[in-house]
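Colleague: I am new to reading structures, so please walk me through this one slowly. I would like a short overview and then a close look at a single part.

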Amino acid sequence: MRWWSRLRWEAGAIRRSALRAVRGPGSERNTLVQSLKAAAAAVLAWAVTGWWWGAPMALMAPWAAVALVQSTVYRSLVSAVQQVAVIGFGAVLAAGMAAATGNTTVAMALVLPVTVLLGNWDRFGTQGLYAPTTALFVLAYGSTSFADVGHRLLETLIGALIGIGVNALVLPPVHLKDVRAHLDRLPRETAELLRAMASGMEHGYERADAERWHDRARDLHGTIASLHEARGWTRESYRFNPGHRLRRSGPALPPSERDSAWERAAHHLMSLTRLLADAAGGSPSLRPPHSDALQALGEVLRRAAEVCVPEAARVAVPAPGPGGSDAQEPRADALPDAWSAHGRLKALVIGEDPETATSLGGVVAETQQLLYALEPGGTPS
């Protein structure tokens, strides 16, 4: 009955997504709005070309309109150019081959390989599929005269204009919430990892613990990659968008320079966790730091976790309630305390034997770079 469990899980996921779309803003709400806009654009395009104009193949207009309600207005414009180009090429090539061969099957055998290859060209993205499908429509319906081809192109152009117009004028998409979500998630996940590592230093850690920390540090790079992608979508959503100033977008996003500081912090966390893993286990390649050093390291990591809180609180921008904000208050002394603990850790390197000094010196260097990355100014390493 695994299929039944899977079906129930899918139904539950759909229900949760629908509830999130109804309850408040988010990716589910954005998807719902864009889907309704695409449907409305298709109906409007059909009303113009099929009902009012009575075009011979009015299907082309809603077909184009529904595909051009894209995630940004700029993407709609680019896709429109691509779509009109591939549809025009497919229609003209199909009509020309039909006129030259006088046989639909032969023309199809000659046209489809060329249009399918064109459709797979990266320059046309997802719109490339319209080249072979348009050729099939033209040949299957026998609308191969140049007047018919002109109708196809005009119908496509009308649908494209309607799709772009609906996307640009009706709640034009602006992608800000994804950036804020990742900027909220990144310091929170970093703080959670630092606290887990600090607890491990206090109670004694094993190689398996360090390996798990290393995997979590590596996952931070995935979050950073998603943040970069979300910023790209945000920049694109402002291009050629006539209504973005009318949308309630909230406070301005933090500058992108801070992203590189989080990227450096994740890099140094990966190096630190790898070093801790190499210094643990039955036959470590590095001599494990002694317990005093691990205690001092735990204090540095705990204070570093507190440094991550203010940025998460600033980005989340919680609405103040009757008792004030529920966000954790920034600690002004968190970073000085972290540097003070780091100084005590650094002092332990002096007087160690060469092997212990090697591993402990690596820990000191990585935590120092980590604290520099977590500073408000994001001091480059």
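Colleague: About how much area does the chain expose, and what share of it do carbon and sulfur atoms supply? After that, please look closely at helix 6 (residues 130–141) and what surrounds it.

Modeller: Happy to! This is a predicted model, so local features need pLDDT of at least 70 and side-chain atom pairs count only at pLDDT 80 or more, while totals for chains, interfaces and linings use all residues. Residues are numbered from 1 along each chain as its sequence is written, and side-chain values use heavy atoms, with hydrogens and water left out.

On your question, the chain exposes about 19900 Å² (Shrake-Rupley method, 1.4 Å probe), and carbon and sulfur atoms supply 61% of that area. There are 13 helices and zero strands; helices are DSSP runs of H or I with at least four residues, strands are runs of E with at least two, and both are numbered from the N terminus. Of the 381 residues, 42% count as buried, meaning under 20% relative accessible area, whereas exposed means over 50% and partly exposed lies in between (1.4 Å probe, protein chains only).

Now to helix 6. Its twelve residues should span 16 Å at 1.5 Å a residue, and the end C-alpha atoms are 16 Å apart, which agrees; the expected span is 1.5 Å times one less than the number of residues. Just after helix 6 comes Gly-142, with a positive phi near 70 degrees.

Which side chains turn inward? The buried residues of helix 6 are Tyr-130, Ala-131, Pro-132, Thr-134, Ala-135, Val-138 and Leu-139. These buried residues pack against helix 3 (60–67), helix 4 (73–101), helix 5 (104–119) and helix 7 (146–169).

Thr-134 is a good one to zoom in on. With a relative accessible area of 1%, Thr-134 is buried. Its side chain reaches the backbone oxygen of Tyr-130 at 2.6 Å, a polar contact (N or O atoms within 3.5 Å, one able to donate a hydrogen and the other to accept it; residues adjacent in sequence count only if both atoms are side-chain atoms). Leaving out residues up to four places away in sequence, Thr-134 touches Met-60, Trp-63, Ile-87 and Ala-91, where a contact means heavy atoms within 4.5 Å.

Tyr-130 also appears in a ring cluster: ring pairs link Trp-63, Tyr-130, Phe-137 and Tyr-141. Rings of Phe, Tyr and Trp (its six-membered ring) pair if their centres lie within 6.5 Å; planes under 30 degrees apart are stacked, over 60 edge-to-face and the rest tilted.

Helix 6 has a link to the nonpolar cores too. A nonpolar core is a set of buried Ala, Val, Leu, Ile, Met, Phe, Trp, Tyr and Cys residues joined through side-chain atoms within 4.5 Å. The largest has 50 residues, among which Tyr-205, Leu-276 and Leu-345 touch the most other members. Helix 11 gives the largest share of this core, ten residues. A second, separate core of eleven residues includes Ala-91, Leu-93, Ala-135 and Val-138. You have met Ala-135 and Val-138 already, as buried residues of helix 6, and Ala-91 as one of the residues that Thr-134 touches.
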